[in-house]
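This report goes through one protein chain, from its overall dimensions down to single residues. Please look at the sequence and the structure first.

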Amino acid sequence: ICGLSHGENVWFGNARDLIRNKTCELMNVIGCRDDIMVTMLEYGLEPFDAFSIMENVRKATKNLTTEQEKKMIDHHVPNWYIDSCKKIKYMFPKAHAVAYTMMSIRVAWYKYYKPLEYYATYFTTRCDTYDIATLISGEKAVRQKYNEIQEKRARKEKLTTKEEALDIVFEIALEMIERGYHFSPISLEYSQANKFILDPNDEKGLIPPFSAIDALGDAVASTVVEARKNGPFLSKEDVVKRTKLNNSHIKTLSKMGVFDGMQERNQLSLF
């Protein structure tokens, strides 16, 4: 099934029609390139001929030669099978299909049994564009932004590069939220440089990294993480002095409430 879904001209207009027309059953169609060689051997073709036929079918630049087709006919290979071979442009080897299937099962296991770990990994490794202000605002804000993109698609308006990237981000974020989880605010104390992590104070929360903020790269984000190793930040002034965050970053973080409850400048106690 994995081979059928990843090949080109393997399922649609080919194997699916053969099954629908009851020409053959699922177990008989060509799913992976290995199937061709094994089937040719079963019909009695020589190993080299079986291999050559498989190689020609799997490569879009080649197809069955007249000689190969004659050998298949001479060995009573069904016409539907020969026609199916001629339609194929690309197909997986069986080992590749098995690897994909194993990976899919692993991903499904984590998505079901370790949801927050799954979403933390997904947003860290599969996304490079974010709208953190919207994500941490909750379901209503995320759904509104997601719907705006869908409405723009429905009107057949061209999406910006950022909108194209955020489309899937909002979709997965909504899925996560509907499962009972949410994005926690960015935290001076806990946020990492470039990885989403589980919120240690909220079993349903996911804390975004500093680098998820627009125009705040990994290098600058790392200075925040390194600086706090030497002690907590005492004020916004202290943050500016000890990190490479610029005024724009500070304003953005302030709007998100990252500095709420923190004084503007360091103050020395008289006692």
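## Overall dimensions

The chain has a radius of gyration of 28 Å, whereas a compact globule of 271 residues would have one near 18 Å. The model is predicted, which should be kept in mind for every value below. Computed along the principal axes, the C-alpha trace spans about 100 × 40 × 35 Å.

The secondary structure consists of 14 helices and 3 strands. Among contacts with a separation of 6 or more, 56% are between residues 24 or more positions apart.

## Surface and burial

Of the 271 residues, 39% count as buried. The chain exposes about 16,400 Å², and carbon and sulfur atoms supply 53% of that area.

The chain carries 38 positive and 37 negative charges. How far apart are the mean positions of the positive and negative charges? They are 3 Å apart.

## Salt bridges

Side chains of opposite charge can pair when their charged atoms come close. This structure holds 21 salt bridges. One of them joins K111 and E175, with the closest N and O atoms 3.0 Å apart. This pair links distant parts of the chain: K111 is in helix α7 (residues 94–113) and E175 is in helix α11 (residues 161–178), 64 residues apart. Are K111 and E175 buried, partly exposed or exposed? K111 has a relative accessible area of 24%, so K111 is partly exposed. E175 also counts as partly exposed, because its relative accessibility is 26%.

A salt bridge within one helix is formed by D238 and R242, at 2.9 Å from N to O. Both residues lie in helix α13 (residues 236–242), 4 residues apart, which is about one turn of the helix. D238 is buried, with a relative accessible area of 8%, while R242 is partly exposed at 28%. Elsewhere, salt bridges that share partners join D49, E67 and K71 into one network.

## The loop between α10 and α11

R155 and E157 meet through their side chains in a salt bridge, with 2.5 Å from N to O. E157 is partly exposed, with a relative accessible area of 36%.

K156 lies in the loop between α10 (139–154) and α11. K156 has a positive phi of about 60°, although it is not a glycine. Most residues other than glycine have a negative phi. At 77% relative accessibility, K156 counts as exposed.

## The loop between α2 and α3

K22 is another residue with a positive phi of about 60° that is not a glycine. Where is K22 found? Its place is the loop between α2 (11–20) and α3 (33–42). K22 is exposed, because its relative accessible area is 72% and the cut-off for exposed is over 50%.

## Summary

The radius of gyration is 28 Å, against a value near 18 Å for a compact globule of 271 residues. The salt bridges include a pair between helices α7 and α11 and a pair inside helix α13. K22 and K156 each have a positive phi of about 60°, and both lie in loops.

Key: Residues numbered from 1 in each chain as written. Predicted model: local features only at pLDDT ≥ 70, side-chain atom pairs only at ≥ 80, totals over all residues. Heavy atoms only, no water. Salt bridge = Lys/Arg side-chain N within 4 Å of Asp/Glu carboxyl O. Helix = DSSP H or I, 4+ residues; strand = E, 2+ residues; numbered from the N terminus. Buried < 20%, exposed > 50% of the residue type's maximum accessible area, 1.4 Å probe, protein only. Rg over C-alpha atoms; globule rule 2.2 N^0.38 Å. Contact = heavy atoms within 4.5 Å. Areas by Shrake-Rupley, 256 points an atom, 1.4 Å probe, with all protein chains shown as cover. Lys, Arg positive; Asp, Glu negative; His and termini not counted. Charge placed at Lys NZ, Arg CZ, Asp CG, Glu CD.
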